[in-house]
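Please open the model in a viewer with a cartoon representation and keep the selection panel at hand. The tour proceeds from the sheet to the helices.

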Amino acid sequence: MSEPRVSVLMVCLGNICRSPTAEAVFQQRLEQRGWHAHVQVDSAGTGDWHVGEAPDRRSQQHAAKRSYRLAHLRARQVRLADFEVFDYILAMDRQNLRDLEVLCPEPLRHKLSLFLAPINGPDEVPDPYYGGAQGFEQVLDLVEAASDAWLEHLAARHPLP
Ligand code: 4NP
């Protein structure tokens, strides 16, 4: 199996709700398309409060209703090497993007983008942490739409099978 040629990092604040959801949804779609050997996806948080933890139980439960598995994921914080390693670094909201812009060396800032940039509609995935069930469903709806849009974007720019 060849090395992944394209890599994508999903970033939110805690890496326990939005970005692990995005990682799992994106991974499922890569596998559906047979692209998982060519595109690598990971996730991280700008904050360190939840490092080492599994995704929030509510995120896991709502994702499971749509057959996404999150239980194996563990939160980690964004590290400087990520800006070198990953080709696309996708922020769930504008504050995440601002935090990444502060950390990221200027020559690598072109890798940063809002995750929702390629879809019509909101440009942020709202933080569901302090809200109710509807927030977690909205995260999934937005993440599914943006994942499909990013896959089309990648397919147009990279040689994928
Ligand atoms: P996430 O959600 O950024 O989507 O993982 C949050 C998780 C935890 C906290 C905030 C947002 N927190 O403040 O602990």
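How many bridges join strand β1 to strand β3? Select residues 6-12 for β1 and residues 88-91 for β3: in this predicted model, four bridges connect these two strands, which run parallel. Within the pair, display Leu9, which stands opposite Ile89 of β3.

Next, extend the selection to the whole sheet. The sheet is open and has four strands in the order β2-β1-β3-β4, with parallel pairing. Colour β2 (39-45) and β4 (112-114): both stand at the edges with a single partner strand each, so one side of each lacks a neighbour in the sheet. From one strand to the next, the twist averages 25°.

Now add the helices that lie on the sheet. Select residues 94-103 to show α4, which lies across β1, β3 and β4 and runs at about 170° to β4. Helix α5 also packs on the sheet, where it touches β1, β2, β3 and β4. The direction of α5 makes about 160° with that of β3.

Finally, select residues 57-65 (α2) together with residues 133-157 (α5). The axes of these helices come within 10 Å and cross at roughly 55°, which means that α2 is oblique to α5. Their crossing is right-handed.

Which residues meet where α2 and α5 come into contact? Show side chains for Arg58, Ser59, His62, Ala63 and Lys65 in α2, which meet Ala133, Phe136, Glu137 and Leu140 in α5. Coloured by class, this contact comprises four nonpolar, two polar and three charged residues.

How values were computed: Residues are numbered from 1 along each chain as its sequence is written. This is a predicted model: local features need pLDDT of at least 70, side-chain atom pairs count only at pLDDT 80 or more; totals for chains, interfaces and linings use all residues. Side-chain values use heavy atoms; hydrogens and water are left out. Axes are lines fitted to C-alpha atoms, for helices over the stretch in contact, and angles run from 0 to 180 degrees between N-to-C directions. Angles under 35 degrees count as roughly parallel, over 145 as roughly antiparallel, 65 to 115 as roughly perpendicular and the rest as oblique. A crossing is left-handed if the near helix is turned anticlockwise from the far one by less than a right angle, and right-handed if clockwise. Contact means heavy atoms within 4.5 Å. Ala, Val, Leu, Ile, Met, Phe, Trp, Tyr, Cys and Pro count as nonpolar, Asp, Glu, Lys and Arg as charged, and the others, Gly among them, as polar. Two strands pair if DSSP finds at least two bridges between them.
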